[in-house]
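Student: I have a model open and want to question it. Can we go through it step by step?

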Amino acid sequence: MKTVVITGAASGMGLCATKKFLNNNWQVVMADYDVKNGQTQADKLATTFNDAVQFKQTNVADAKSVSELAQFSHDKFGKIDAIISNAGVFVKGALHEVAENDWDRIMNIDVKSVYLMTKSFVPDMIKQRSGVILNTASISGLMGDFDMAAYSTAKGALTNLVKSMALDYGKYGIRVNNIAPGPTNTPMFQQNPQAVIDKFVAASPLKKIVEPEDIANMMYFLACDEASSVTGQNIGVTAGFGIYSSQPQQ
């Protein structure tokens, strides 16, 4: 039985990914800063999956906390086959409008967390000469968006980092990929007014936004042997966002 560690696992894409892996006979360590919701979700899942699901409160921007997550995961399940750095935050505004503490926060949670997770888990993957590293990037890291300077910067860092990581770790049998979601129906996105959500739906060629389950399905595929030749990629799951050159229709 394989094991995956998922950060930001208490809600949204992370929770859907947790369920996807459990339903396919993986063991899952759920990591999240929200201890109340995280433990509640893990306890609910444990009624079906028993000890195959474990929760560990984790601050992904803190080296000690992430190191403790790695130790906890190895103590519970031994070999770790995949890690998914999914935890993230959003900061809105043009660059000059972003407060310094908000800039630092998004860089720590969205970028530094990938560094800390890799530093804590990859040495054992190197020893076992196998492993999968997945990061949640964003379509906004592949191109610019209005009022998303800090967010686009953070996610943009990941879209290039994945290539360097894939090059460095490929010789050990470790694959590294990013999932780059488009607008996704998560609790974070649902904070928008309905009129804004409707605009996003109308702008999609499919007339929809991405569902968290869509992201979970891609995460699962990339973690499996069926994706054994896929590495160093930013895989878009966008409902068609990002395919348009912005030229007017003729």
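What follows is a short exchange on a pocket, two helices and a loop residue.

Student: What kind of model is this?
Tutor: Treat the coordinates with that in mind throughout: the model is predicted. Local features here need a pLDDT of at least 70. So the word for this model is "predicted".

Student: How many residues in the lining of the second largest pocket are charged?
Tutor: The second largest pocket has a volume of about 190 Å³. Its lining includes Lys2, Lys79, Asp81, Arg175 and Asp225. Trp26, Val132 and Ala223 are also among the lining residues. The lining divides into three nonpolar, four polar and, for the class you asked about, five charged.

Student: What distance does H7 reach from its first C-alpha to its last?
Tutor: H7 covers residues 212–223, twelve residues. At 1.5 Å a residue, 16 Å is expected. The model comes close to that, with a reach of 17 Å.

Student: What arc do the buried residues of H7 cover?
Tutor: Buried means under 20% relative accessible area. In H7 that holds for Pro212, Ile215, Ala216, Met219, Tyr220, Leu222 and Ala223. They lie on the same side of H7, because the arc they cover around the axis is only 165°.

Student: Which helix do the buried residues of H7 pack against?
Tutor: Strands come up among the partners: E4 (82–85), E5 (131–136), E6 (174–181) and E7 (234–237). The list also holds a helix, residues 12–23. That helix is H1.

Student: How many of the twelve residues of H1 are buried?
Tutor: The end C-alpha atoms of H1 are 17 Å apart, which agrees with the 16 Å its twelve residues should span. Gly12, Met13, Leu15 and Phe21 are among its buried residues. H1 is mostly covered, and the buried count is nine.

Student: Is Thr18 buried or exposed?
Tutor: Thr18 is found in helix H1. Beyond its neighbours within four places in sequence, Thr18 is in contact with Ile6, Ala9, Val28, Met30 and Leu45. Its relative accessible area is 0%, so Thr18 is buried.

Student: Which residue just after H1 takes a positive phi?
Tutor: Look just past the end of H1. The phi there is about 70°. The residue is Asn25.

Student: Is Glu226 buried or exposed?
Tutor: Glu226 is found in the loop between H7 and E7. Its C-alpha is separated by 17 Å from that of Asp214, twelve residues apart along the chain. Exposed means over 50%. Glu226 has 63% relative accessibility, so Glu226 counts as exposed.

How values were computed
Residues are numbered from 1 along each chain as its sequence is written. This is a predicted model: local features need pLDDT of at least 70, side-chain atom pairs count only at pLDDT 80 or more; totals for chains, interfaces and linings use all residues. Side-chain values use heavy atoms; hydrogens and water are left out. On a 1 Å grid over the protein atoms alone, a cavity is a set of points where a 1.4 Å probe fits but cannot get out, and a pocket is an open set with protein on both sides within 12 Å along at least five of seven lines; lining residues have an atom within 4 Å of a point. Grid points are joined across faces, edges and corners, and a volume is the space filled by probe spheres set on the points. Ala, Val, Leu, Ile, Met, Phe, Trp, Tyr, Cys and Pro count as nonpolar, Asp, Glu, Lys and Arg as charged, and the others, Gly among them, as polar. Helices (H or I, at least four residues) and strands (E, at least two) are DSSP runs, numbered from the N terminus. The expected span of a helix is 1.5 Å times one less than its number of residues. Buried means under 20% relative accessible area, exposed over 50%, partly exposed in between (1.4 Å probe, protein chains only). The arc is that of the directions from the helix axis to the C-beta atoms. Contact means heavy atoms within 4.5 Å.
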